[in-house]
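Dear colleague,

Please find below the structure that I am handing over to you. A summary of what was found in it follows.

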Amino acid sequence: MCKIIDKTCLSPTPTLEQHLMWDDIAILARYMLMLSFNNSLDVAAHLPYLFHVVTLLVATGPLSLRASTHGLVINIIHSLCTCSQLHFSEETKQVLRLSLTEFSLPKFYLLFGISKVKSAAVIAFRSSYRDRSFSPGSYERETFALTSLETVTEALLEIMEACMRDIPTCKWLDQWTELAQKFAFQYNPSLQPRALVVFGCISKRVSHGQIKQIIRILSKGLESCLKGPDNYNSQVLIEATVIALTKLQPLLNKDSPMHKALFWVAMAVLQLDEVNLYSAGTALLEQNLHTLDSLRVFNDKSPEEVFMEIRRPLEWHCKQMDHFVGLNFNSNFNFALVGHLLKGYRHPSPTTVARTVRILHTLLALVNKHRNCDKFEVNTQSVAYLAALLTVSEEVRSRCSLKHRKSLLLTDVAMENVPMDTYPIHHSDTTYRTLKENQPWSSPKGSDRHLAASYPTVGQISPRTRKSMSLDMGQPSQANTKKLLGTRKSFDHLISDTKAPKRQDMESGITTPPKMRRVAENDYEMETQRISPQQHPHLRKVSVSESNVLLDEEVLTDPKIQALLLTVLATLVKYTTDEFDQRILYEYLAEASVVFPKVFPVVHNLLDSKINTLLSLCQDPNLLNPIHGIVQSVVYHEESPPQYQTSYLQSFGFNGLWRFAGPFSKQTQIPDYAELIVKFLDALIDTYLPGFDEETSEESLLTPTSPYPPAVQSQLSITANLNLSNSMTSLATSQHSPAPWPHRRVLHSPSLCLEALW
């Protein structure tokens, strides 16, 4: 089987089912299933080759063959449990039993492409070769996600590593890695992407030469996209290279410059604006940030300093990429990064959305790490991430309050139905009195009539009674929120419960499949106490709910940052359909219209159509209150001509911020953008991998010395010179056979073999 699959590389086809040797592969796969039922595959000698075949064939072919591949895995695990040649500990046997149960779950039925069947065994043995059901035209081919292959490979790796612990000199994993590497680094559209993913998942070491080869494959995949619109295989290859880089980065030497350079590779992948590639790009970005953080790179430098320094030799190419998407890292690194990540909120996969939220939380922690200040402190570097997290993190909303007005999320509920605290408008708290006196709309011109903090004309709420807010955070109390709004989506639990991907150190020997880990501990001791400047003069004032304001004109003095912050909020409003998110965002935009009146016209075009629609159709006073506030503020400041227009963002390279953060394009833009990335990757290789040529290229690209089991001592010893079925490829390549078949009677076709076995 391995030899036949290897021969498909001589005349590669877009899919394995289209190859002339497909019938031979399908028949032998069924033949292997029959032999595995009676423990006749000699798993002790052939386990690496069996797992290699499984990863290349999983979810391939008609339903009966997909069920056969699943059944082969089940039988292999059974054979490991009962094999007399191998002696496993009770712990290993327990792992095998659990794996047997796991592979029988609906989750793995879905991964193997048999989710619609009740019994995989019945389907596997139901059809015969005479039905010609293996022909590609006789069934509907399903798309197989490379992320599914990751899961299957890691499950198989866990089985192999568990068994290897009881066999000290076992070389199973090395053999499997050799096989995967061989297929990963040679052209074969139907198998190379799978081999790249498997190679990334099972490798325990990686060289710069191998990283260089993978980046070159990525570049070749992008070049293929330039040739025409039919580039599905090229996109799959690009995705496979990104997954491989994600898995292999933690194995690089800690001093490797590629750790930092891969950040820009991830950015380039995100900019391709393709759904599957965006998901792979966020995974690479997350792994990159966690790996660098584990190396303590951000202890003394901010992410901006770290990544812009490594980008300097590549600046010429990076500038062109920035210009193409309309996000300028030189002008503002943090908002450019947020602009790339906001698109993740529009991704159809909940997994990618959750990963996007985790990345934003990670970046929020990292930008303040070298400053030794509170994670939620509002400053010019953190404000971009805080704004992006407003709608998905209750903690961010609670820590970044509104300065000039209270949130009115509860005004649509009858007052008698809500337990509340009431207090007179003349509050005894001096802080509250000062806050009211310092409101910008209490100026002599005007305007309690035009601008009021609570807009009582809309909500009909008495100014002498207000709902209790959580510690002056501008948010309703937790109990009231749960009662009135029900269960609200929040991604805060992802930060504490979900771990980020990490590959364990080489010294640990055999490891379990990579899981998820947490990069930043939820240590908020600094947040719950005030630190006096006299005791810690090197620290800034710790942010607390009373003073940590997201829209603070004293902290955000740069009009560029103000404009970018407003654009992020307006972009989130423009593309969200969630009513709760709209309420939150319009509250902050109403505040911004008062705090930054000169810059607010920059986002008029983003808000106009949606505000007009809501004013015409919306009946929710909670949503109309802040919208009326925005309109009143705009009218109030109409007398003075605005200093900043919509074109202001274009003046410093951010004209694409709102556009790129929108939904994914229905028509791929890869051909338009691929050429820029190809040049960037070439420059990256020349700059950071100039002397790392592919080590012993002949050995890495060609078959290792003896990658397959010997032709004798096995019931599967079908040599290369056997004329298989009527495949023209088999006949054409039989002349390359290294040695004649031994003098013995053989069955000259797998179909005859299968018939004889039945």
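**Charges and aromatic rings**

The charged end of Lys 343 is placed over the ring of Phe 664, at 5.0 Å from the ring centre. Please note that the model is a predicted one. A second arrangement of this kind involves Lys 182, whose charged end sits over the ring of Phe 183, 4.8 Å from its centre.

As to rings paired with rings, the structure contains 17 aromatic pairs. One of them joins Trp 264 and Phe 333: the ring centres are 6.4 Å apart and the planes stand at 80°, so this pair is edge-to-face, given that planes over 60 degrees apart are counted in that way. Trp 264 belongs to helix α13 (residues 258-270) and Phe 333 to helix α17 (residues 333-342), so the pair ties together parts that lie 69 residues apart in sequence. Are these two residues buried or exposed? Trp 264 is buried, with a relative accessible area of 4%, and Phe 333 is likewise buried, with a value of 1%. Both residues also belong to a cluster linked by ring pairs, which comprises Phe 263, Trp 264, Phe 298, Phe 307, Phe 329 and Phe 333.

**Two packed helices**

Helix α11 (residues 208-225) packs with helix α12 (residues 232-248) at an angle of about 160°, and their axes are 8 Å apart. Angles over 145 degrees count as roughly antiparallel, and α11 and α12 are therefore roughly antiparallel to each other. The crossing of α11 past α12 is left-handed. On the side of α11, the residues making the contact include Ile 211, Ile 214, Ile 215, Leu 218 and Leu 222; on the side of α12, Leu 237, Ile 238, Thr 241, Leu 245 and Leu 248 are among them.

Leu 248, in helix α12, merits a separate remark. Leu 248 is buried, with a relative accessible area of 0%. The C-alpha atoms of Leu 248 and Ile 211 are separated by 8.2 Å, while the two residues are 37 residues apart along the chain.

**A residue in a loop**

Finally, Gln 381 is found in the loop between α18 (350-367) and α19 (383-389). Its relative accessible area is 17%, so Gln 381 counts as buried, the limit being under 20%. Which residues is Gln 381 in contact with, leaving aside its neighbours within four places in sequence? They are Ser 302, Glu 304, Asn 334, Val 367 and His 370.

With kind regards

Conventions: Residues numbered from 1 in each chain as written. Predicted model: local features only at pLDDT ≥ 70, side-chain atom pairs only at ≥ 80, totals over all residues. Heavy atoms only, no water. Phe/Tyr/Trp six-rings, centres within 6.5 Å; stacked < 30°, edge-to-face > 60°. Helix = DSSP H or I, 4+ residues; strand = E, 2+ residues; numbered from the N terminus. Buried < 20%, exposed > 50% of the residue type's maximum accessible area, 1.4 Å probe, protein only. Lys NZ or Arg CZ within 6 Å of the ring centre and 35° of its normal. Axes fitted to C-alpha atoms, helices over the stretch in contact; angles between N-to-C directions. Parallel < 35°, antiparallel > 145°, perpendicular 65-115°, else oblique. Left-handed = near helix turned anticlockwise from the far one by under 90°. Contact = heavy atoms within 4.5 Å.
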